[in-house]
Amino acid sequence: MITPEDWYRIPLRPQEQLQASVGALIQRQFAGVDDQPILRRQAEERLLDAAQAGADQGGVVLYLSFLEADGIPLSASLLVSRVHERFDSLDAVAALAGKGAVAPVSLPSAGRAARRRRAERSRESRKLGSEFNDTIVEYFVPVPGPESEESLMLTFSTPMEPIADAMVELFDAIAGTLRWQSRSTGVKGKPE
């Protein structure tokens with residue numbers, strides 16, 4: 001899967017890798033800022049909490065957007081999770097019916113999937129006093145292979161409700177780059 005260059009990748013497993021990636025991101029974001037140790041520590045704690053919450057939900061990788069448009073940050077995230085349940089896209093659409101806009105889709109290299117778009121007011125948004133809903137787009141993609149009992153879940157999220165449609169177009173473009181590695185590499189059903 002290809003993400004924009006300004007998206008930062010945080011592996012969520014093993015724990016040491018998660019902590020090292022968060023530490024590197026905080027160091028990058030606070031480079032040259034030596035007079036804000038409390039703010040730095042708070043940012044690191046929030047990021048570690050968010051990454052750990054993603055790992056607790058079965059997440060294996062978290063991506064955070066640092067894209068900007070005219071100096072305005074375009075906040076977004078992507079949590080890639082493994083779901084230990086096999087389904088086809090129609091099963092997922094039926095199971096998710098009534099819980100947002102759900103439809104079967106075809107990803108160019110990954111095949112059939114289910115896509116759900118919904119809006120919700122997150123706990124973090126409420127805490128920060130935001131008046132906007134988060135826009136969430138989820139993809140449920142069966143891992144290929146006759147013996148596979150797993151699916152991949154891509155959860156994109158943005159608090160940028162006024163430009164949600166443009167952000168969703170970006171999410172769809174990223175999801176469209178998902179492809180599986182060839183079986184000849186010896187790693188069956190591993191996303192690229």
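**Entry 1: the cores**

Which residues have the most contacts inside the largest nonpolar core? I looked this up first, bearing in mind that the model is predicted. They are W7, L78, V141, L154, F156 and L178. The core itself has 27 residues.

Next I asked which elements give two or more residues to this core. I found the strands β2 (59-65), β5 (77-83), β8 (134-142) and β9 (151-158), along with helix α5 (164-175). Helix α5 gives the largest share, five residues.

I then found another core, apart from this one. It has 15 residues, and I noted Y8, L12, A51 and A55 among them.

**Entry 2: the sheet**

In what order do the strands of the open sheet run? I read off β1-β2-β5-β9-β8-β7-β6, seven strands in antiparallel pairing. The edges are β1 (7-11) and β6 (101-107), and each of these pairs on one side only. For the twist I noted an average of 20° from one strand to the next.

I looked at one pair of strands in detail. β8 and β9 are antiparallel and pair over eight bridges. Across from Y139 I found L154 of β9. L154 is also one of the residues with the most contacts inside the largest core.

What packs on the sheet? I found helix α2 (residues 37-56) there. It touches β1, β2 and β5. Its direction makes about 140° with that of β2.

**Entry 3: S65 and W7**

I picked S65, which lies in strand β2. Is S65 buried or exposed? Its relative accessibility is 10%, so I list S65 as buried. Not counting residues up to four places away in sequence, S65 touches D6, W7, L74 and A76. With W7 there is also a polar contact, side chain to side chain, at 3.4 Å. I had already met W7 among the residues with the most contacts in the largest core.

**Entry 4: the salt bridges**

How many salt bridges are there? I count six. I followed some of them up.

R115 pairs with D172, and their closest N and O atoms are 3.0 Å apart. This bridge links distant parts of the chain. R115 sits in strand β7 (residues 111-120) and D172 in helix α5, with the two positions 57 residues apart in sequence. I checked how accessible each partner is. R115 is buried, at 17% relative accessible area. D172 has 28% and is therefore partly exposed.

Then I turned to R118. Its side chain meets that of E120 in a salt bridge, 2.5 Å from N to O. R118 also meets E138 in a salt bridge, at 3.2 Å from N to O. Why does the pair of R118 and E138 tie together parts that are 20 residues apart in sequence? The reason is that R118 lies in strand β7, whereas E138 lies in strand β8.

I compared the accessibility values here too. R118 is partly exposed at 22% relative accessibility. E120 is partly exposed as well, with a relative accessible area of 33%. E138 is buried, with a value of 4%.

Which residues are linked in a network of salt bridges? I list R116, R118, E120 and E138.

Definitions and conventions:
Residues are numbered from 1 along each chain as its sequence is written. This is a predicted model: local features need pLDDT of at least 70, side-chain atom pairs count only at pLDDT 80 or more; totals for chains, interfaces and linings use all residues. Side-chain values use heavy atoms; hydrogens and water are left out. A nonpolar core is a set of buried Ala, Val, Leu, Ile, Met, Phe, Trp, Tyr and Cys residues joined through side-chain atoms within 4.5 Å. Buried means under 20% relative accessible area, exposed over 50%, partly exposed in between (1.4 Å probe, protein chains only). Helices (H or I, at least four residues) and strands (E, at least two) are DSSP runs, numbered from the N terminus. A salt bridge is a side-chain nitrogen of Lys or Arg within 4 Å of a carboxyl oxygen of Asp or Glu. Two strands pair if DSSP finds at least two bridges between them. Axes are lines fitted to C-alpha atoms, for helices over the stretch in contact, and angles run from 0 to 180 degrees between N-to-C directions. Contact means heavy atoms within 4.5 Å. A polar contact is a pair of N or O atoms within 3.5 Å; within protein, one must be able to donate a hydrogen and the other to accept it, and residues adjacent in sequence count only if both atoms are side-chain atoms.
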